[in-house]
Amino acid sequence: MEAVLAELGERYECEVEADSTELDLEDKGLTELPAVVCQLPAVEELFLDKNALAALPEAIGEMAALRELNARQNVLTGLPASIGRLKNLEGLLVDRNRLQELPDLSGCEALAGVNVNANQASLSANPKPDH
């Protein structure tokens with residue numbers, strides 16, 4: 001794992017350690033999220049802004065510590081259903097993409113804010129159903 005993390009850090013000019021709580025991959029020309037990112041259990045803040053991501057992997061739902069997901073200004077057309085399992089997720093920033101709908105986020109118990117401005121469809125900024 002250490003060698004993979006070192007390669008990731010070198011390739012994208014960022015600091016990556018197995019116990020990192022923040023990972024900044026903003027404006028790195030990503031077309032897909034490297035699989036190893038979803039295997040970092042300590043990451044609480046993930047910055048993916050200003051890339052060319054069309055999708056996020058289902059494995060992102062395994063990032064149990066994730067509190068903040070920033071994926072602004074990509075070309076995302078959808079989000080994986082697994083995001084709805086991120087109980088600690090407080091902020092989901094996915095404005096300026098090509099999203100047409102959001103997955104069920106009712107499992108995101110800590111969710112305090114969602115930014116879906118400037119997407120292809122009018123999305124609800126309050127995706128948690130009232131009970």
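These are my notebook entries on a predicted model of one protein chain.

**Entry 1: overall layout**

I started with the secondary structure. The protein chain has one helix and five strands. Reading along the sequence, I get the pattern α-β-β-β-β-β.

Next I looked up the overall dimensions. The C-alpha atoms fill a box of roughly 45 × 25 × 20 Å along the principal axes. For 131 residues, a compact globule would have a radius of gyration near 14 Å, and the protein chain agrees because its own value is 14 Å.

Then I turned to burial and contacts. I noted that 45% of the 131 residues count as buried. Taking contacts between residues at least 6 apart in sequence, I found that 21% join residues at least 24 apart.

**Entry 2: the largest pocket**

How much space lies in the largest pocket? I get about 200 Å³. Its lining is made up of 13 residues, and those nearest the centre are Glu 7, Leu 8, Arg 11, Tyr 12 and Pro 34. By residue class, the lining divides into eight nonpolar, two polar and three charged.

**Entry 3: cysteines**

I searched the whole structure for disulfides and found zero. Cys 38 is in no disulfide, and the nearest cysteine sulfur, in Cys 14, is 14 Å away. I also checked the surroundings of Cys 38: this residue is buried, with a relative accessible area of 7%.

Why does Cys 108 have no bond to Cys 38? The two sulfurs are 15 Å apart, and Cys 38 holds the closest cysteine sulfur to that of Cys 108, so the distance is too far for a bond. The cut-off I applied for a disulfide is a pair of cysteine sulfur atoms within 2.5 Å. Cys 108 is buried too, with a relative accessible area of 0%.

**Entry 4: Leu 89 and its contacts**

I picked Leu 89 next, which lies in the loop between β3 (68–70) and β4. Is Leu 89 buried or exposed? It is buried, because its relative accessible area is 0%, against a limit of under 20%.

Which residues does Leu 89 touch, leaving aside its neighbours within four places in sequence? I listed Leu 66, Arg 67, Glu 68, Leu 69, Ile 83, Cys 108, Ala 110 and Leu 111. The buried Cys 108 of my previous entry is thus one of the contacts of Leu 89. For Leu 111 I also took the C-alpha distance to Leu 89: 5.5 Å in space, with their places 22 residues apart in sequence.

**Entry 5: the loop between β4 and β5**

I spent some time on the loop that runs between β4 (91–93) and β5 (113–115), where Leu 102 lies. Asn 97 and Ser 106 are in this loop as well.

Asn 97 counts as buried at 6% relative accessibility. Beyond its neighbours within four places in sequence, Asn 97 is in contact with Ala 71, Arg 72, Gln 73, Asn 74, Val 75, Leu 76, Ala 118, Asn 119 and Gln 120. I also paired Asn 97 with Arg 11: they are 86 residues apart in sequence and 25 Å apart in space, C-alpha to C-alpha. Arg 11 is one of the residues nearest the centre of the largest pocket.

Leu 102 counts as buried at 19% relative accessibility, where the limit is under 20%. From its C-alpha to that of Val 16, 86 residues away along the chain, I get 29 Å.

Ser 106 is partly exposed, with a relative accessible area of 34%. Its C-alpha and that of Ala 3 are separated by 37 Å, and the two residues are 103 apart along the chain.

**Entry 6: positive phi values**

Most residues other than glycine have a negative phi, so I looked up the following exceptions.

Asp 27 has a phi near 55 degrees, a positive value. Where is Asp 27 found? I placed it in the loop between β1 (22–24) and β2 (45–47). Asp 27 counts as exposed because its relative accessibility is 55%, and the limit is over 50%.

Ala 118 also has a positive phi, near 60 degrees. This residue lies in the segment after β5. At 55% relative accessibility, Ala 118 counts as exposed. I had already met Ala 118 among the contacts of Asn 97, the residue that counts as buried at 6%.

Methods:
Residues numbered from 1 in each chain as written. Predicted model: local features only at pLDDT ≥ 70, side-chain atom pairs only at ≥ 80, totals over all residues. Heavy atoms only, no water. 1 Å grid on protein atoms, 1.4 Å probe; cavity = no way out; pocket = protein on both sides within 12 Å on 5 of 7 lines; lining within 4 Å. Points joined across faces, edges and corners; volume = space filled by probe spheres on them. Nonpolar A, V, L, I, M, F, W, Y, C, P; charged D, E, K, R; others polar. Buried < 20%, exposed > 50% of the residue type's maximum accessible area, 1.4 Å probe, protein only. Helix = DSSP H or I, 4+ residues; strand = E, 2+ residues; numbered from the N terminus. Rg over C-alpha atoms; globule rule 2.2 N^0.38 Å. Contact = heavy atoms within 4.5 Å.
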